[in-house]
Amino acid sequence: MSKRRSLTEAQCVSLAQKLLRERLCHQKLPDRPLALDSQYKHLLELLRRTAVHGESNSVLIVGPRGSGKTMLLGCVLRELMSLKEAQKNVLLVELNGLLQTDDKIALKEITRQLHLENVVGDKVFGSFAENLAFLLEALKKGDKSSSRPVVFVLDEFDLFAHHKNQTLLYNLLDVSQSAQTPVAVLGLTCRLDVLELLEKRVKSRFSHRQIHLFSSLSFAQYVDAVRAQLSLPPDFPDPKFSDAWNHSVTKLCEEKSVEEILRRHFNSSKDFRSLHSLLFLSVSRVSVSHSTLHEADLLEASRLISADSKAIILHGLSILELCLIIAMKHLNDTYDGEPFNFQMVHNEFKKFIQRKSHSIHKFEKPVVMKAFEHLLQLELVRPVDSGVCKVQREYQLMRLMLEHGQVMEALQRYPQCPTDVKQWALSAFA
Amino acid sequence: MSHQKSFQYADLLSVLERVVDIMSAPDQYSYPSVFIYGHRATGKSHVVLSIMKDLELPHASVDCVECVSSGLLFHQVLSAFFGPDAAALLPRCPSLSDFVRLYKQMSSNSPATQTRYIILDRAERMRDMDFSLLPALLRLQELVNDNVTVILLSEIVWEKFRPNTGCFEPLLFHFPDYSKGKSLVQILSWDHHPSYTPELYASYINILLGVFFSVCRDLRELRHLAVLNFSKFCEPLEKGEAKESDIHKLWKNIEPHLQRAMQTVYLREVSSVQWEQQQMDEKEATTLRVLSAHAHIELPYYSKFLLIAAYLASFNPARTDRRFFLKSHGKIRKTNFLKKHEKTSNHLLGPKPFPLDRLMAIFYSVVDSRVAPTASVFSQISSLVTLQLLSQVGHDDQLDSPKYKCSVSLDFILAISRCVCVCVRLLDLLALSLVIQSQVVRQERSLFTAVSNLHLL
């Protein structure tokens, strides 16, 4: 009988953190993707047909950011590689639109991932198509007469559509249609209108097969998913600790305040990535002294995530800069959002100083200009036609990048704001 | 600022706690990207780098201003993590694909035992580099399959960074700014001169903040101003005119000096060396030679009139020319049109272009002696354009009727017209154009009363 030494509390906590962090940050693949059964089966069937039966296919997986496209693909590929025939034969080429920004770079990457650098050597090819045909031909010589099936995964598929002439896409889809080699082309993209980006000749070679990943979770399923994400797996070395932990997580999910927080998040975005950032911030507070999750952690994490960064930045401005922002807000209110220039803002400010202000004394125009330029640097004010500087600086038209509500909220929180400035901001007419 | 003292301020502490929590388990994975934002000189780079050094975490710190091309960034990161030999393997103009491939290769040889951190300072510059650099770096952990976290530090909020089709959203943290009472005075008092008491320096800082705090909160600027002006503050003490407890006297001595500093050193019109020299030989009360041209530009006689004529041409609409410049005009009628459209006042919208003929017409009516239209007069117009007091509008190849715009402000024109021995009628014209067309501001009123006083003389 093997003696199982129970781990210390610190080790348990550390191990729990490790597991949770891998799940939340490193996007470790779950055993089965949640609520994506039909898409999973569809994709698996397609890939099986390519791998085992030698049928060429092309499919696009479309879904908003964070909806689980890469996760779905990862799970499917994992299951595919567990099949014996696939393991021996299938070659995987993974391209990413962010990295392979050019067709030449993409071709080099394909050569590298197929391990055909030596075969290609120093050959010079006339066109992309020739190069690709050579590569696929080279795969044939390896074994028998039939070539090995190749699965091309194109991440950020819409970025490939911006390459010159879309040669890579055209050639890959051409190969998938002309049945020389069994090839599966899988594209992952976040753009719903990706087909509009493709040229006519490319679009006609595409099989128009799309798998959509729109999250269809209800709120109850969402809370269940939260519980599942936070629970420790059954094969945790210390069952007592994991039971206690899972119990506390279940109780946490039933509390009203936590439910409110989760509902707020659910209403703004259903995808798992934003959920993971919320959970990660709460889980990172767990340590030896604080060994279970409390609702205060979740509350704090939620507040951090939903903070308005522009209103926070306004908190650190000087009084002069704040007055300039209020002057711009008044100009926006009076003239319905038409662009203004520095002279107009300075004029508003001068009117305020002369009529209403007691605490702020007059500043010279260059000092006010320097404050205005600080606001420009913070990008709270932007020129209308960015870059064209044929006009003098004082007369260049600008827009305020803040909303009425944000300015008023920032004023409430501003430390030691003089009352006449507040009154000026609240008055309807300057 | 390399002070070893710790901050005791609640806001900053709570942010620091969160940041350290994230980095606290170096052998485990951390969130792929973190974005820290806050105003200038709030200590973002300093604090993050100090944490890295104290916890002895492997990190690569890159300032994006130095990275003119993305290859420089890749080079710095690879040499910080894997040594200069790895960086030498990068090809000539490395693409992001080369960087990721090389990183994967190196990290499979030496996998990360602790989380590696890439710190990108002034990350707002990355938006101007390759469009795919920012989204790729935000998900670098996934792309290279290694335990690496990217920390972005910036002054600008995250909403301005997000690419069009979205990207991996980092965790956002805000570094709070300093409050006047507790933190700022304390930090600035760290620079106190050893030969004076800290209380004296603290009262000096309070006086300085009283003048400058409503204008500027940047710690670096305030420190610079504090260091420059302290010797002037201590002058009465050294001369024996006041004791350390005579705060009022010291305040009366330094306050006008600080006001002058706001108009010169703060605006960088004068260099700090010039400022210090001026403090030393302060008896003559010399006027400082400021950078901007206003005080000391010397123009020939007719150029001054040309410039005044150009100003009048730019800021008065053409239909009012007859009223102002012809001797036989009727009464001056204030039109309702001008009153209603206050915003479209020329003084707010900027100078309008005018053709050369109109400039010459106004010039002849403004100048007091008879001037022949010689080449020397016309060449002065071109020199005014070279000096950027006038600017040419339209194409260079339009030789027939070139158009110009006046690019100087009213203060400059008033200064010029004062030093030219100008007749009353000129001031009259300026005053009239201002009163009819501009907002009612005290400056114009006073000018009008000054003009009417001159009439009475």
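For the charge count coming up, Lys and Arg are taken as positive and Asp and Glu as negative, with His and the chain ends left out. With that in hand, chain A has 56 positive and 50 negative charges, and the mean positions of the two sets sit 2 Å apart. One caution before going on: everything here comes from a predicted model.

Okay, chain A overall. We have 22 helices and seven strands in it. What does the radius of gyration say about how spread out chain A is? It comes to 30 Å, well over the 22 Å that the globule rule gives for 430 residues, so chain A is more spread out than a compact globule. If you want to picture that, the C-alpha atoms fill a box of roughly 90 × 70 × 40 Å along the principal axes. Half the chain is tucked away, with buried residues making up 50% of the 430. For contacts with a separation of 6 or more in chain A, 74% are between residues 24 or more positions apart. And the chain exposes about 20,900 Å², with carbon and sulfur atoms supplying 51% of that.

Now chain B. Its secondary structure comes to 22 helices and eight strands. Of its 457 residues, 51% count as buried. Taking contacts in chain B with a separation of 6 or more, residues 24 or more positions apart account for 70%. Its accessible surface is about 23,000 Å², and 53% of that belongs to carbon and sulfur atoms.

On to the cores. The largest nonpolar core has 182 residues, and the ones with the most contacts inside it are A:Met328, B:Leu73, B:Leu120, B:Met126, B:Ile151 and B:Phe212. Which helix gives the most to this core? That would be helix 18 of chain A, residues 319–335, with 10 residues. Let me stay with A:Met328 for a second. Setting aside residues up to four places away in sequence, A:Met328 touches A:Phe340, A:Val345, A:Phe372, A:Leu375, A:Val381 and A:Leu400. There's also a second, separate core of 37 residues, and that one includes B:Leu307, B:Tyr311, B:Phe324 and B:Val408.

Let's zoom in on a few helices. Helix 5 of chain A runs over residues 103–113, and its buried residues are A:Asp103, A:Ile105, A:Ala106, A:Leu107, A:Glu109, A:Ile110 and A:Thr111. So yes, an Asp and a Glu are on that buried list, A:Asp103 and A:Glu109.

Further along chain A, helix 15 covers residues 272–283, and A:Ser282 is in there. Is A:Ser282 buried or exposed? It has 2% relative accessibility, so with buried set at under 20%, A:Ser282 counts as buried. Its contacts, beyond residues up to four places away in sequence, are A:Leu293, A:Asp297, A:Leu298 and A:Ala301.

The chain B example is B:Met106, in helix 5 of that chain, residues 96–109. B:Met106 is buried as well, with a relative accessible area of 14%. Leaving out neighbours within four places in sequence, B:Met106 is in contact with B:Phe82, B:Ala86 and B:Leu89. Take B:Phe82 from that list: it is 24 residues from B:Met106 along the chain, and the two C-alpha atoms are separated by 7.1 Å.

Now for some loops. A:Lys362 is found between helix 19 (342–355) and helix 20 (365–377) of chain A. At 61% relative accessibility, A:Lys362 counts as exposed. Measuring tape out: A:Lys362 and A:Phe349 are 13 residues apart in sequence and 9.5 Å apart in space, C-alpha to C-alpha.

Last topic, backbone angles. As a reminder, most residues other than glycine have a negative phi. So where do we find positive ones? Just after helix 5 of chain A, A:His115 takes a positive phi of about 60 degrees. Over in chain B, B:Asn145 has a positive phi of about 55 degrees without being a glycine. B:Asn145 lies in the loop between helix 7 (140–144) and strand 4 (148–154), and B:Asn145 is exposed, with a relative accessible area of 57%. Then there's B:Gln388, again not a glycine, with a positive phi near 60 degrees. B:Gln388 is in the loop between helix 19 (375–386) and strand 7 (390–393) of chain B. B:Gln388 counts as exposed too, at 63% relative accessibility.

That's my tour, happy to take questions.

Methods:
Residues numbered from 1 in each chain as written. Chains lettered and ligands numbered in written order. Predicted model: local features only at pLDDT ≥ 70, side-chain atom pairs only at ≥ 80, totals over all residues. Heavy atoms only, no water. Helix = DSSP H or I, 4+ residues; strand = E, 2+ residues; numbered from the N terminus. Rg over C-alpha atoms; globule rule 2.2 N^0.38 Å. Buried < 20%, exposed > 50% of the residue type's maximum accessible area, 1.4 Å probe, protein only. Contact = heavy atoms within 4.5 Å. Areas by Shrake-Rupley, 256 points an atom, 1.4 Å probe, with all protein chains shown as cover. Charge placed at Lys NZ, Arg CZ, Asp CG, Glu CD. Core = buried A, V, L, I, M, F, W, Y, C linked by side-chain atoms within 4.5 Å.
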